Amino acid sequence: MHEMSVALSVVDQVEQAARSRAGHRVHRVRLDIGELAGVVPDALAFCFELACSGTVLQGAELVTGFVPGRASCAPCGRAWDTGMPPDMICASCRGGATELLSGRELRITAVHWAAEPTAPTPAPTPAPTPETLHEES
Ligand SMILES: [Zn+2]
């Protein structure tokens, strides 16, 4: 299933980012999905939940943004919404020099971290940041 491989890829990328944020859990992930990326958002949401199980993303919310397919014609400069399946022929000059401007995106645009410590302490000590490490040296 295409959506499962996308979900695993998203989880993998966020997990890598999470390594520098020990003790932080992921609250929300925003993902832009292009109209032509071949991903069904509902199916992706289902797979995302499965892929998050047992990771720092467990329970995280997936918020998806829609990016419409857009194409432009090099000879005449016309730009149009491609729709799905994509219409890649320029309606003005019937030219074939069509460039796809957008619509194939599968891009994490934001990760929201929950400041929830892994150990239940009333006043958690913030993890050292590069700035504080710099002051000590
Ligand atoms: Zn054209």
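In the predicted model, cysteine 73 has 21 C-beta neighbours inside 10 Å and therefore counts as buried, the threshold being 20 or more. This residue is found in strand β3, which covers residues 70-73. Residues up to four places away in sequence being left out, the contacts of cysteine 73 are Arg78, Cys90, Ser92, Cys93, Gly95, Ala97 and Thr98.

Two of these contacts, Cys90 and Cys93, recur in the annotation of the protein. The unreviewed UniProt entry assigns the feature "binding site" to Cys73, Cys76, Cys90 and Cys93. Although these positions span 21 residues in sequence, no two of their C-alpha atoms are more than 8.8 Å apart, so the four cysteines gather at one spot. Cysteine 90 is found in the loop that runs between β4 (79-81) and β5 (98-102). With 21 other C-beta atoms within 10 Å, cysteine 90 is also buried. Beyond the residues up to four places away in sequence, cysteine 90 touches Cys73 and Cys76, together with Arg78, Gly95 and Thr98. Arg78, Gly95 and Thr98 are likewise among the residues touched by cysteine 73.

The protein as a whole contains three helices and six strands. Read from the N terminus, these elements follow the order α-β-α-β-β-β-β-β-α. Of the 137 residues in the protein, 20% are buried. Among contacts between residues at least 6 apart in sequence, 72% join residues at least 24 apart.

Packing between helices was examined for α1 and α2. In general, two packed helices are described by the angle between their axes and the distance between the axes. The axes of helix α1 (residues 2-18) and helix α2 (residues 41-52) come within 8 Å of each other and cross at roughly 50 degrees. An angle of this kind lies between the ranges for roughly parallel (under 35 degrees) and roughly perpendicular (65 to 115) arrangements, and α1 and α2 are therefore oblique to each other. The crossing of the two helices is right-handed. On the side of α1, the contact is made by Glu3, Met4, Val6, Ala7, Leu8, Val10 and Val11, and on the side of α2 by Ala43, Leu44, Cys47, Phe48, Ala51 and Cys52. Twelve of the residues in this contact are nonpolar, none is polar and one is charged.

The charged residue of the contact is Glu3, which is found in helix α1. Glutamate 3 has 19 C-beta neighbours inside 10 Å and so counts as partly exposed, since 20 or more would be needed for a buried residue. Neighbours within four places in sequence aside, glutamate 3 is in contact with Val39, Val40, Ala43, Leu44 and Cys47. Of these, Ala43, Leu44 and Cys47 belong to the α2 side of the helix contact. Glutamate 3 and phenylalanine 46 are 43 residues apart along the chain, and their C-alpha atoms are separated by 8.8 Å.

A further pairing across the sequence involves strand β1 (residues 25-34), in which arginine 28 lies. Arginine 28 and histidine 112 are 84 residues apart in sequence, yet the C-alpha to C-alpha separation is 5.0 Å. His112 is also in contact with arginine 28, as are Ala60, Glu61 and Val63, when neighbours within four places in sequence are left aside. With 14 other C-beta atoms within 10 Å, arginine 28 is partly exposed.

Note on methods:
Residues numbered from 1 in each chain as written. Predicted model: local features only at pLDDT ≥ 70, side-chain atom pairs only at ≥ 80, totals over all residues. Axes fitted to C-alpha atoms, helices over the stretch in contact; angles between N-to-C directions. Helix = DSSP H or I, 4+ residues; strand = E, 2+ residues; numbered from the N terminus. Parallel < 35°, antiparallel > 145°, perpendicular 65-115°, else oblique. Left-handed = near helix turned anticlockwise from the far one by under 90°. Contact = placed C-beta atoms within 7 Å. UniProt positions renumbered as here; feature names shortened; annotations may be inferred. Buried ≥ 20, exposed ≤ 12 C-beta atoms within 10 Å, placed from the backbone.
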